Amino acid sequence: MAKRVFQIKDVQVLSAIACHTTLKSQATPMDYCLFIADKIKWDRPAQPPYLKQVMATLEQEGLAKSCYCYLEWLFQHDIQVVHPWAKAALEQLRVISQNEA
C-alpha cells in the first residue's frame with residue numbers, strides 16, 4: 001500500500017513500515033526506530049505499562065535494546081498471538097544482548 005498508493009520507493013522505509021508492529025530478525029536501525037516509536041505511542045488512553053522501562057533502556061542502551069526490552073515485556077505479559085517475525089526478532093535480540101553482556 002505504501003509503495004502503490006503513496007509512491008514510497010525507499011526500501012528502508014518500506015522495510016520499517018512492513019515490520020512496525022512485529023519487528024523482524026535482521027532489523028535495520030530504521031526498522032528499530034519505527035517499531036519502538038509505534039510502541040511508545042499506542043492507541044489506548046493510558047500510558048503503556050512498559051513505557052518507563054522502554055524509555056530508560058532507549059536512553060541508556062539504544063534502539064536495539066529498547067526493542068528487546070519491549071519484546072521481552074510483550075512475551076511475558078500481553079501476547080495473544082505469536083507472530084513468527086516477532087519471535088525471530090526476540091530470539092535474535094536475546095542472543096545479541098547476551099553476547100554484549
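Trainee: Which helix does Leu14 lie in?

Mentor: Helices here are DSSP runs of H or I with at least four residues, numbered from the N terminus. Leu14 sits in helix H1, residues 11–18. This is a predicted model, where local features need pLDDT of at least 70, side-chain atom pairs count only at pLDDT 80 or more, and totals for chains, interfaces and linings use all residues. Residues are numbered from 1 along each chain as its sequence is written, and side-chain values use heavy atoms, with hydrogens and water left out.

Trainee: Where is there empty space, and how many Å³ lie in the largest pocket?

Mentor: Rolling a probe the size of a water molecule over the atoms shows where empty space is left. On a 1 Å grid over the protein atoms alone, a pocket is an open set of points where a 1.4 Å probe fits, with protein on both sides within 12 Å along at least five of seven lines; lining residues have an atom within 4 Å of a point. The largest pocket holds about 210 Å³, counted as the space filled by probe spheres set on points joined across faces, edges and corners. Ten residues line the largest pocket, and Lys39, Trp42, Asp43, Arg44 and Tyr70 are the closest to its centre.

Trainee: Which element gives the most to that lining of the largest pocket?

Mentor: That's H4, with three residues.

Trainee: What about the second largest pocket: how many residues line it?

Mentor: Twelve, with Thr21, Leu74, Ile79, Val81 and His83 nearest its centre. About 160 Å³ of space lies there, and H4 again gives the most to the lining, three residues.

Terms used: Helices (H or I, at least four residues) and strands (E, at least two) are DSSP runs, numbered from the N terminus.
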